[in-house]
Amino acid sequence: MTLPRHTIAILGGGPGGYEAALVAAQLGADVTVVDSDGLGGACVLTDCVPSKTLIETSNAMTLLNRSAELGIASGGLHTVNAVRLYERIINLARAQSADITARLAAEGIKVIRAKGHLAGPGVVATPDTEVKADTILIATGALPRTLPGAPPDGERILTWRQLYDLTELPRDLIVIGSGVTGAEFASAYQALGSRVTLVSSRDRVLPHEDEDAASHIEDVFRRRGMIVLGRSRAEHVARDRDGVSVTLDDGRILTGSHCLLTVGMIPRTEGCGLEAAGVKVNANGFIGVDRVSRTSVPGVYAAGDCTGVQMLASVAAMQGRIAMWHALGEAVHPIRLDHVAATIFTDPEIATVGVTQRAVTAGQVAARVGKLPLATNPRAKMAGFTDGFVKLLSSPGTGVILGGVVVAPRASELILAVSMAVEQRFTVEQLAQTFAVYPSLSGSITEAARKLMEFTPETLLFAERNVVARPRLTACRPASRRDNRLNPSPRAGRPRPGPGR
Ligand SMILES: Cc1cc2nc3c(=O)[nH]c(=O)nc-3n(C[C@H](O)[C@H](O)[C@H](O)COP(=O)(O)OP(=O)(O)OC[C@H]3O[C@@H](n4cnc5c(N)ncnc54)[C@H](O)[C@@H]3O)c2cc1C
């Protein structure tokens with residue numbers, strides 16, 4: 001006798017939804033995705049993919065503008081053709097969405113292009129049809145938050161989703177909000193030739209990120225001519241005939257050609273029928289989930305930005321996959337957010353993984369912290385840049401790498417070495433003994449590890465902060481040498497596979 005196929009309905013076709021669909025189909029489930037705006041979701045169509053495509057062009061522009069310094073006769077002023085740039089961005093996003101659509105079709109996943117909602121136990125309804133399912137996954141994403149005094153008009157006052165409809169580059173761009181999205185767009189548009197003012201309500205840009213990295217990038221921004229206004233809260237944005245004026249809460253008025261709002265996200269759950277279905281949300285409206293993506297209602301899971309857990313495509317996708325593994329009875333690791341590698345795509349990029357220096361300073365984790373500037377790296381010299389650093393954090397007792405920060409061009413690629421070290425519990429010694437290509441930026445990662453192995457008065461100067469527990473010579477050296485004896489299982493202390501909480 002064959003068992004009936006497990007039926008799954010997924011509301012939302014972004015990374016949280018489509019990655020889940022692929023896993024569920026692979027495991028033999030009968031899967032239907034209901035999506036209103038196009039597969040790939042906001043990630044592919046309006047947020048992550050378009051912004052990273054824009055940033056690729058801004059990186060090329062930065063390089064072109066440095067061509068004389070690199071010994072290339074400059075052909076004159078490099079300018080951006082905004083229409084071609086935005087056309088490329090939109091086409092690339094659509095092509096990515098089409099690839100995902102084809103992949104889902106190839107896996108036999110049904111896709112319904114419609115707005116859907118929960119309509120009773122095990123039912124997702126659209127205006128035209130109803131899908132009955134054993135398991136439902138909600139992955140409806142989030143929307144840009146706006147300010148009451150600054151309604152976007154899509155022409156001068158914009159959310160990032162409206163940027164690609166412009167026909168010109170903003171001449172004088174005022175970016176409100178200095179979190180990750182604000183910093184990325186401010187960096188990109190400055191490189192493309194816009195005059196940029198970045199309005200930050202906090203002391204510094206990127207208030208939630210590694211302090212050294214944030215101060216570093218703020219210095220770079222200012223050096224390149226960006227106006228960065230700290231402790232400045234925008235209250236009101238008005239549209240003039242061909243520009244905008246932004247009123248700050250202290251009465252100052254800024255004028256520019258365009259204003260970009262990057263003040264966070266709100267969950268996109270309105271009309272999804274959560275309340276009637278009994279799905280609990282938190283005070284900010286995000287769906288409450290546990291570490292295997294279960295909501296408060298049995299059989300209903302949620303993944304991605306609508307949960308507000310960590311607004312990254314990689315996290316959304318992992319939450320979605322975990323939900324399916326769990327629902328379909330596979331062994332599953334509850335999600336581990338402390339190992340998520342993330343990047344802020346400014347120039348230079350800021351990539352981070354694992355334990356933060358903030359946690360060390362707050363006394364939550366004992367760690368040695370070592371930081372190595374990139375300015376002395378030969379490859380950096382050849383490429384003509386001096387900004388950036390590598391920072392590693394290691395356990396004082398065992399030498400195990402706990403986390404790291406890389407500030408460099410393409411730090412998003414370099415962080416993988418640190419990420420693997422954190423995931424696999426490598427020691428500083430193991431990382432230090434790993435071959436790196438000469439010359440390469442990754443050579444600075446192994447060099448930073450070698451520096452952390454040293455324990456002399458000189459290297460204590462290098463170990464910038466050793467706040468909680470300063471390692472004793474006897475505790476540090478032998479531990480890193482006989483790591484395998486100290487940690488017979490490199491996975492010791494990890495959650496065991498199981499059905500989750
Ligand atoms: C500017 C920007 C840049 C970013 N860059 C990065 C990056 O570089 N790396 C990274 O990891 N993350 C990045 N992110 C975050 C990333 O885009 C999100 O974390 C990711 O999109 C979340 O995926 P999701 O599946 O939860 O939602 P989404 O991608 O928002 O997809 C949700 C889908 O659900 C559909 N939907 C909504 N409601 C309904 C409904 N009622 N019925 C049917 N369908 C519905 C929507 O149409 C959409 O297709 C960025 C975000 C922004 C704003």
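This tour moves through a predicted model, from the ligand to the nonpolar core and then to selected loops and a helix.

**Stop 1: the ligand and its shell**

Begin by selecting the ligand together with the residues around it. The shell consists of 37 residues, and the closest are Gly16, Asp35, Lys52, Gly116 and Asp305. Colouring the shell by class will show 16 nonpolar, 14 polar and seven charged residues.

Next, display the secondary structure to see where parts of this shell come from. Helix α1 (15-26), strand β2 (30-35) and helix α2 (41-45) each supply at least two residues of the shell. The helices α3 (48-65), α5 (180-192) and α8 (313-327) likewise each supply at least two.

Three polar approaches to the ligand deserve a closer view. Select Lys52, where a polar side-chain atom lies 2.9 Å from an oxygen atom of the ligand. At Ala42, a backbone N or O atom lies 3.2 Å from an oxygen atom of the ligand. At Asp305, a polar backbone atom is 2.8 Å from an oxygen atom of the ligand. Now add a surface: taken alone, the ligand exposes 1000 Å², and the protein buries 94% of that area.

**Stop 2: Thr307**

Proceed to Thr307, in the loop between β18 (300-302) and α8. Is this residue buried or exposed? Thr307 counts as buried because its relative accessible area is 5%, below the 20% limit for that class. A polar atom of the Thr307 side chain lies 2.6 Å from the backbone oxygen of Gly304. With neighbours within four places in sequence left aside, the residues in contact with Thr307 are Phe286, Ile287, Val289, Ala302 and Gln319.

**Stop 3: the largest nonpolar core**

In soluble globular proteins, nonpolar side chains tend to be buried together. The largest nonpolar core in this model has 37 residues. Select Leu54, Tyr86, Leu163 and Tyr189, the members that touch the most other members of the core. Several elements each supply at least two residues of this core, among them α3, α4 (82-106), β10 (172-176) and α5. Also on that list are β11 (195-199), α6 (211-223) and β23 (401-408). Which element gives the largest share of the core? Helix α5 does, with six residues.

Now centre the view on Tyr86 and show its contacts beyond four places in sequence. Tyr86 is in contact with Leu54, Leu163 and Tyr189. Its other contacts are Tyr164, Leu166, Glu168, Leu169 and Pro170.

**Stop 4: backbone geometry in four loops**

Most residues other than glycine have a negative phi, and most peptide bonds are trans. The following places depart from those patterns.

- Select Asp347 and Pro348: the peptide bond from Asp347 to Pro348 is cis, with omega near 0°. Pro348 sits in the loop between β19 (342-344) and β20 (349-354).
- Select Tyr438 and Pro439: these residues are joined by a cis peptide bond with omega of about -10°. Pro439 belongs to the loop between α12 (428-432) and α13 (443-453).
- Select Arg231: this residue is not a glycine, yet has a positive phi of about 45°. Arg231 lies in the loop between β12 (227-229) and β13 (234-239), and counts as exposed because its relative accessibility is 62%.
- Select Arg410: here too the phi is positive, about 60°, although the residue is not a glycine. Arg410 lies in the loop between β23 and α11 (411-424), and counts as partly exposed because its relative accessibility is 39%.

**Stop 5: Gly384**

Select Gly384, in the loop between α10 (378-383) and β22 (389-394). Gly384 is classed as partly exposed because its relative accessibility is 24%. Apart from neighbours within four places in sequence, its contacts are Arg66, Glu69 and Leu70. For a distance across the model, draw a line from Gly384 to Ala432: the two are 48 residues apart in sequence and 26 Å apart in space, C-alpha to C-alpha.

**Stop 6: Ser419**

The tour ends in helix α11, where Ser419 is found. Which residues does Ser419 touch, not counting those up to four places away in sequence? They are Ala341 and Val353. Ser419 counts as buried because its relative accessibility is 16%.

How values were computed: Residues numbered from 1 in each chain as written. Predicted model: local features only at pLDDT ≥ 70, side-chain atom pairs only at ≥ 80, totals over all residues. Heavy atoms only, no water. Near = heavy atom within 4 Å. Polar contact = N/O pair within 3.5 Å; in protein donor to acceptor, adjacent residues only side chain to side chain. Areas by Shrake-Rupley, 256 points an atom, 1.4 Å probe, with all protein chains shown as cover. Helix = DSSP H or I, 4+ residues; strand = E, 2+ residues; numbered from the N terminus. Nonpolar A, V, L, I, M, F, W, Y, C, P; charged D, E, K, R; others polar. Buried < 20%, exposed > 50% of the residue type's maximum accessible area, 1.4 Å probe, protein only. Contact = heavy atoms within 4.5 Å. Core = buried A, V, L, I, M, F, W, Y, C linked by side-chain atoms within 4.5 Å.
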